[in-house]
Amino acid sequence: MLVSMDKLLNKAKKEKYAVASANVFNDRSVKACFEAAESLNAPIIISATSYVPMEEIASLVNHYKDKYEHVSVSLNLDHGADFDAAMRAVRCGFTSVMIDKSTLPFEENIRYVKEVVRAAHPVGVSVEAELGHVGKGFEYDKTRDSGLTRPEEASEYVKRTEVDALAVAVGTSHGVYKGTPKLDFGLLKKLNEAVDIPLVLHGGSGTGDEKLRKAVETGIQKVNLSTDLSSAYIKSAGEYINNEGEILDEEMNVIYKGNRTVFVNTCLDKGLKGYKDLLVHYIELFGGRNKA
């Protein structure tokens, strides 16, 4: 069942767990999300950026939602850059859009987000926005503290924009961390008290199970996962290549054992298994089992 993201997150907030938000990039990753959610009777958020073919991802989600009819799923645009990207996602069937104007001054951020909310809400699409700024892992030692979300601004921001979920900066970072992640749980507690809508944690990958579990306990209802899942996919596929194929030269030409088509598809399926196994782990960690 394909639903708007606010329905999944409001339930998670009430029952004190978080929904895993998995970034997808092909048909197998979409299928893995449905399989992982079904195996645990859990809700799932499938996220895609505008860098992937959004129309194809939407078509795949609609295909699998009928095959996995008991799975509660939301299709979310991750880090929509502007109004046009958000509306493109709405037109092709996304049930949630994130508009990210977190690098802009406070008033400009509000203005851009309100424009998306006014267009999305009437057609039943929920909106996520970011206040404060979650930076890149490679510059973590320089930017970790500069973009932290301020509770007093968060309260005003939510009232004025009427967003359905708020992505907050409490010490995580996108991609691979340079240094050790340090989350400000005191700040997260204050943010949870300052606003009455679900809170989102971007940069879940590489943060560590203990910190993520505590973040959920402190008030996070959605955890974004991209780097960890794609890395697991690549690692699993690579292990199969190393075991079943012989690398000939630095151009990565491979001697295939058996049928080439079978080899390639099996390689992709092995990647799927690595992706799905890690996603199952995170769903369990966030308390999503039997919450569908």
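1. In this predicted model, Phe286 makes contacts, beyond its neighbours within four places in sequence, with Tyr17, Ala18, Ala20, Leu212, Val216, Val223 and Leu225. Phe286 also belongs to the largest nonpolar core, a set of 74 residues in which Phe286 and Leu279 touch the most other members. Helix H2, spanning residues 27–40, gives the most to this core, contributing seven residues. A separate second core holds twelve residues, among them Val3, Leu9, Tyr17 and Ala167. As background, nonpolar side chains in soluble globular proteins tend to be buried together.

2. Tyr17 recurs in the surroundings of Gln221, a residue of strand S8. Gln221 has a relative accessible area of 4% and is therefore buried. Leaving out residues up to four places away in sequence, Gln221 touches Leu9, Ala12, Lys13, Tyr17, Ala18, Val19, Ile197, Pro198 and Leu199. Tyr17 and Ala18 also appear among the contacts of Phe286.

3. Helix H8 (residues 185–194) merits a separate point. Its buried residues are Phe185, Leu187, Leu188 and Leu191. These residues lie on the same side of H8, because they cover an arc of only 150 degrees around the axis. In general, an α-helix has 3.6 residues a turn, so residues three or four places apart point the same way. The face of H8 turned away from the buried side carries Lys190 and Glu193, which are exposed. The packing partners of the buried residues of H8 are helix H7 (151–161), strand S6 (165–168), strand S7 (199–201), helix H9 (209–218) and strand S8 (220–225).

4. The aromatic pairs come to a count of eight. In one of them, Phe34 and Tyr64, the ring centres are 6.0 Å apart and the planes stand at 40 degrees, so the pair is tilted. Phe34 lies in helix H2 and Tyr64 in helix H3 (residues 54–67), and the pair thereby links distant parts of the chain, 30 residues apart. Both partners are buried: Phe34 has a relative accessible area of 0%, and Tyr64 has a relative accessibility of 12%.

5. The pair of Tyr233 and Tyr275 is edge-to-face, with 6.4 Å from centre to centre and 85 degrees between the planes. Because Tyr233 lies in helix H10 (residues 227–244) and Tyr275 in helix H11 (residues 260–285), this pair ties together parts that are 42 residues apart in sequence. Tyr233 is buried at a relative accessible area of 7%, and Tyr275 is buried at 0% relative accessibility. Ring pairs also bring in Phe25, which forms a cluster with Tyr233 and Tyr275.

6. Tyr112 has two charged groups over its ring. The charged end of Lys101 sits over this ring at 4.6 Å from its centre, and the charged end of Arg111 sits over the ring of Tyr112 at 4.9 Å from its centre.

7. How many disulfides does the model contain? The count comes to zero disulfides. As for individual cysteines, Cys92 is buried, with a relative accessible area of 17%. Cys267 is likewise buried, at 10% relative accessibility. Both values fall under the 20% cut-off for burial.

Methods. Residues numbered from 1 in each chain as written. Predicted model: local features only at pLDDT ≥ 70, side-chain atom pairs only at ≥ 80, totals over all residues. Heavy atoms only, no water. Disulfide = S-S within 2.5 Å. Buried < 20%, exposed > 50% of the residue type's maximum accessible area, 1.4 Å probe, protein only. Core = buried A, V, L, I, M, F, W, Y, C linked by side-chain atoms within 4.5 Å. Helix = DSSP H or I, 4+ residues; strand = E, 2+ residues; numbered from the N terminus. Contact = heavy atoms within 4.5 Å. Phe/Tyr/Trp six-rings, centres within 6.5 Å; stacked < 30°, edge-to-face > 60°. Lys NZ or Arg CZ within 6 Å of the ring centre and 35° of its normal. Arc of directions from axis to C-beta.
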